[in-house]
Amino acid sequence: MDFTFSPEHQALRRMIREFAETEIAPVAAELDREHKVPRDIMRKLGEIGLLGVCFPQEYGGMGAGETGYCILMEELGRVCANTAVNVGAHIGIGAMCIHLDGTPEQKRKYLTPLARGEKIAAFGLTESNAGSDAANVRTRAVREGDSWILDGGKVFITNGGYADIITVLAVTDPALGARGGITAFIVETDSPGFKVAREEDKMGIRGSSTAELVFEELRVPHENVLGKVGEGFVTFMKSLDMGRLTLGAACLGGAQKVLEQAVYWAKTRVQFGEALAHKQAVQWMIANMATEIEALRSLVYRVAWLVDTGQPFTQLAAMCKLYGSEVLSRAVDMAIQIHGGLGITRDFPLERAFRDARINEIFEGTNEVQRIVIASNIFREFGVRIRP
Amino acid sequence: MRIIVILGRVLDPRGIVVNPRAGRIFVNREEYILQPADRCALEAALQIKEAVGAEVVALPRAFLPDDDVLRQALATGADRAVYIAGKPSALPDDGVMARVLLAAIERLGGADLILTGATTLDAGQGQLGPRLAEALGWPQIVGAWTAEVADGSVRAVRQDGGGYVWVEAPLPAVVTFVPGALKPRYPDGRRLINIYKGVGEIAAALERWEAKDLVTPEALAPMLERRGQEFPPERERGVRLTGSLEEIARSAADALRARLPR
């Protein structure tokens, strides 16, 4: 058993941390305040290869594996939740489907520009009646010669407002449902019939695009079917497994950052004649935060190792997402408590961290769905099949 | 054209705390970064390479325990790097390193331009460039902000008193850069992974030479000896000015005037 990062992953982390602190951290507050999507940062990340971190080099990627991708997300989560969300939707789910189930031709055509950051991806699963109940999608795809005609729409699509390529889940055979009746498609957003209907105005992650999309007689060539016809649901669930792990990694970075901020403040702020660091109440909060963060770190990188060595990880990825989002929320909450009233002012980054943290317990499968995934895996080992 | 870039490393200042009262430096996180001035030299070399075409070869400015800085140089765009293995000395010794580097440059088949930092962040070394220029009999430009190559000469901007001057020297020459002179580019992620994994063409670009094969044992004898260390005295605190806006402005102006050189 060896818990050390390889030299290439250490070098990768140094490079990402420098980029994050130089290029992203100075604008993080502005992205939130001005409701700005970090397109410029995405372009720069692409130029130095980071948007292809986990994809193979033959398709423009870096080949740093899932461990490399978790390092990227941890370091981004440290400085800017918005950039982490943009990158997570792009690599972790949008492009991931093409990486997992695309044909060599699809990978050449779509994954390569995505890995280089020349194009931006999104992941089109959620609909107004199909969120946690993902199999309930209603967007319809009908075969017409060499193409498919898509009608319907998606909601809450991260990167939806500016993505160039969206992987979309649509019903191809209503009689079969999730078992053989749902297909994944690669949709180019400049196709006629594709429309961004609206952008959500959100409490947190305000520097990200969350869009409602409408498809009206949107023609998709048959070669853009991702995986086999009828098996799109499986492709999407596999991508979500990967996304959940890296969401946990981004939470890890965010939690580590607020811990450092809390420690710094506890060291500086004097009450009753001594620094808060000398108060047991504050020491215990710091100790609790640090312990949870360390447990999360072990979990995240162990699951990354499982992915990189080709072992099953679905249940553990759900745990990463569930535990990571809760550790982050608790850490931000405690850090604000240590900062007192100043913690909720816009002069401190914790107010933003608090608003940005909340969504992690919801998107990429709510924490309730994660518990269902975990419980059903555990019960299955004992021969009990539970349904959501 | 061959450009030699000489690079060193320094403890990341974000990971250390200097405690002058205890007379100690506490290392919380032992991580190293490229010397900032050396990194500017690397950036200048890559810019010249892009402008007029050149082979960029990275060499270390000290005997380092690992070759991370050279790998970073290769990932950032250098064509070739040579790790020179030797006994790391407790004290950076530009005199010894200049001898070793001269031999290394000779073994490489010479160079047209040598670029390095004008100073190091930790020990404040600035002798390496001038020593090499002196030994080679080449012109040197110390403390450059920019450098470009055209028509067989190198043209650089350096600070001179309160302003900046253009200086020009025929090649071959030595140019040293001040930290912050240029905004250095980031390494390319793919090259970085490949150079560490040892795959692809880039893996063959990193060589390893032994210092003892380059120079005699006498030449490796340290020229400097560390006798002790002392921290600079604490700086005087500033003065808080009070009164009306006009009075404050007047006292500030008087104070500044008093400091002007006569």
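**Group meeting: the sheet of chain B and selected features of chain A**

Good morning. I begin in chain B, where strand β9 (residues 140–150) and β12(B) run parallel and are joined by three bridges. Within that pairing, I141(B) has V175(B) as its bridge partner in β12(B). Please keep in mind throughout that this is a predicted model.

Strand β9(B) has a second partner, strand β10 (residues 153–160) of chain B; here the pairing is antiparallel and extends over six bridges. A150(B) is placed opposite S153(B) in β10(B). The two strands form a hairpin with two residues between them, and D151(B) there adopts a positive phi near 50°.

Where do these strands sit in the sheet order? They belong to an open sheet of nine strands in chain B, ordered β11-β10-β9-β12-β8-β1-β6-β7-β13, and the pairing is mixed. At the edges are β11 and β13 (206–210) of chain B, each of which pairs on one side only. From one strand to the next, the twist averages 30°.

Further along the order, strand β6 (residues 55–60) of chain B runs parallel to strand β7 (residues 80–85) of chain B, with two bridges joining them. A58(B) finds its bridge partner in A81(B), which belongs to β7(B). The sheet also carries a helix: α4 (residues 128–136) of chain B packs on it and touches β1 (2–7), β8 (113–117), β9 and β12 of chain B. The direction of α4(B) makes about 65° with that of β9(B).

One peptide bond in this chain deserves mention. L171(B) and P172(B) are joined by a cis peptide bond, with omega about 0°. P172(B) is located in the loop between β11 (163–170) and β12 (173–177) of chain B, and both of those strands appear in the sheet order I have just given.

As for chain B overall, its secondary structure amounts to seven helices and 13 strands. Its C-alpha trace spans about 70 × 50 × 40 Å along the principal axes. Of the 262 residues in chain B, 38% are buried. If one takes the contacts in chain B between residues at least 6 apart in sequence, 69% of them join residues at least 24 apart.

I turn now to chain A, and to its strand β5 (residues 182–188). How many of the seven residues of this strand are buried? Six of them are, and the strand is accordingly described as mostly covered. Strand β4 (residues 165–171) of chain A runs antiparallel to β5(A), and seven bridges join the two. V171(A) is matched with I182(A) as its bridge partner in β5(A). β5(A) also pairs in the antiparallel sense with strand β8 (residues 225–226) of chain A, over two bridges. In that second pairing, A184(A) stands opposite L226(A) in β8(A).

Two residues of chain A have a positive phi without being glycine, and I shall take them together. For N159(A), phi is about 70°; this residue lies in the loop between β3 (147–158) and β4 of chain A. For E217(A), phi is near 45°; this residue belongs to strand β7 (residues 210–221) of chain A. Is each of them buried or exposed? N159(A) is buried, because 27 other C-beta atoms lie within 10 Å, and the cut-off for a buried residue is 20 or more. E217(A) counts as exposed because it has 11 C-beta neighbours inside 10 Å, and the limit for an exposed residue is 12 or fewer.

Next, a pair of helices. Two packed helices are described by the angle between their axes and the distance between the axes. In chain A, the axes of helix α7 (residues 232–268) and helix α9 (residues 314–339) come within 8 Å and cross at roughly 20°. Angles under 35 degrees count as roughly parallel, and α7(A) is therefore roughly parallel to α9(A). The crossing of α7(A) past α9(A) is left-handed. The residues in this contact comprise 21 nonpolar, seven polar and three charged.

I close with the contact between the two chains. On one side are 15 residues of chain A, and on the other twelve residues of chain B. The side of chain A that touches chain B consists of ten nonpolar, three polar and two charged residues.

Thank you. I welcome your questions.

Definitions and conventions. Residues are numbered from 1 along each chain as its sequence is written. Chains are lettered from A and ligands numbered from 1 in the order in which they are written. This is a predicted model: local features need pLDDT of at least 70, side-chain atom pairs count only at pLDDT 80 or more; totals for chains, interfaces and linings use all residues. Two residues are in contact if their C-beta atoms, placed from the backbone, lie within 7 Å. Ala, Val, Leu, Ile, Met, Phe, Trp, Tyr, Cys and Pro count as nonpolar, Asp, Glu, Lys and Arg as charged, and the others, Gly among them, as polar. Helices (H or I, at least four residues) and strands (E, at least two) are DSSP runs, numbered from the N terminus. Two strands pair if DSSP finds at least two bridges between them. Axes are lines fitted to C-alpha atoms, for helices over the stretch in contact, and angles run from 0 to 180 degrees between N-to-C directions. Angles under 35 degrees count as roughly parallel, over 145 as roughly antiparallel, 65 to 115 as roughly perpendicular and the rest as oblique. A crossing is left-handed if the near helix is turned anticlockwise from the far one by less than a right angle, and right-handed if clockwise.
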